[in-house]
Amino acid sequence: MGHNHSHGHGHGHSHSHTNNKRALFWAFLLIATFMVVEVIGGVITNSLALLSDAGHMLSDAAALGLSLFAMKLGEKNATPSKTYGFKRFEIIAAALNGLTLIIISIYIFIEAYQRFTDPPEVQSLGMLTISVIGLLVNIVAAWILMRGDKDENLNVRSAFLHVIGDMLGSVGAITAALLIYFFGWGLADPIASVAVAILIIISGWRVTKESFHVLMEGAPEQVKLEEIKDEIQKIPEVKDVHDVHVWSITSGVFMLSGHIAVEGEGAHDRVLHKAQKLLHDKFGIDHSTLQVEGEQHGCPCAHGPCN
């Protein structure tokens, strides 16, 4: 039996983790502050487009705050009852975030329907001013999050997607404000809010789906199970690879377990070392538990239902 916990990327992971926390903190501060301004502005101008965008910003601020808390909690050491530590809470936070977005978008659809039937008076100039400021705030927030590790961390990526959705929402609100100001077209406000709601529900569904995939111990998209088995099979003296499972604890932390059947005596340590090096170097899997067994002995899972 072999077990591998390679820490070759420890420093890089720590640096990336710090960058992510810093990016999330400043984006949270910026979005939470402007969200309050946008709520007040939406109420004063009677604009659903602004209020829906504020609702999106509220979910963003809550998600960013939850992500920061999750990252801080994830730094705690493992315990006898939480043997993997608390990193998985980042994924739970992302799932809650996605579900919240879906709920908010449904509320906006209902409110927009009522406004289609009875369009209220909207103060377009105030709406326009606040929307332009909102667009600038979202651009800065997106730039901050781009400096984080959004390609590897699900929480940072979900926050980035929400900010992009906010940015497009601000563009929609600006367009609606201009249409109301120049043409008196009151329906532009609920139309813009529906457009924002569609963006919210799409990003919410995407984040929720990815989060539940991780929570269900699904194989990471970046890792191809058949390719891993094929590459290990190419190692000299390896006769069979079976009962292989790949999952992630949180974003970018992959785990693998599997059985390797080898030919001949004395190949155990050599094959184990090569397999673990291959998993680390080619697939970025630092945490692997491999059972190496003689071909003649095999394992109950080799050809049975364990696969």
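## Exposed and loop residues in a predicted model

Phe183 counts as exposed because its relative accessibility is 66%, where exposed means over 50% relative accessible area, buried under 20% and partly exposed in between (1.4 Å probe, protein chains only). This is a predicted model, in which local features need pLDDT of at least 70, side-chain atom pairs count only at pLDDT 80 or more, and totals for chains, interfaces and linings use all residues. Residues are numbered from 1 along each chain as its sequence is written, and side-chain values use heavy atoms, with hydrogens and water left out.

Phe183 lies in helix H5; helices (H or I, at least four residues) and strands (E, at least two) are DSSP runs, numbered from the N terminus. A nonpolar surface patch of about 870 Å² is made by Phe183 together with Phe116, Leu125, Leu178, Tyr181, Phe182, Trp185 and Ile191. Helix H5 (residues 154-183) gives the most to this patch, with four residues. Patch residues have over 30% relative accessible area and no salt bridge, and nonpolar side chains (Val, Leu, Ile, Met, Phe, Trp, Tyr) are joined within 5 Å, like charges within 9 Å. A salt bridge is a side-chain nitrogen of Lys or Arg within 4 Å of a carboxyl oxygen of Asp or Glu. Accessible areas come from the Shrake-Rupley method with a 1.4 Å probe.

Two loop residues other than glycine have a positive phi.

| Residue | Phi | Loop | Relative accessibility |
|---|---|---|---|
| Asn46 | near 65 degrees | between helix H1 (10-45) and helix H2 (48-74) | 30%, partly exposed |
| Glu237 | near 80 degrees | between helix H7 (225-233) and strand S2 (238-250) | 29%, partly exposed |
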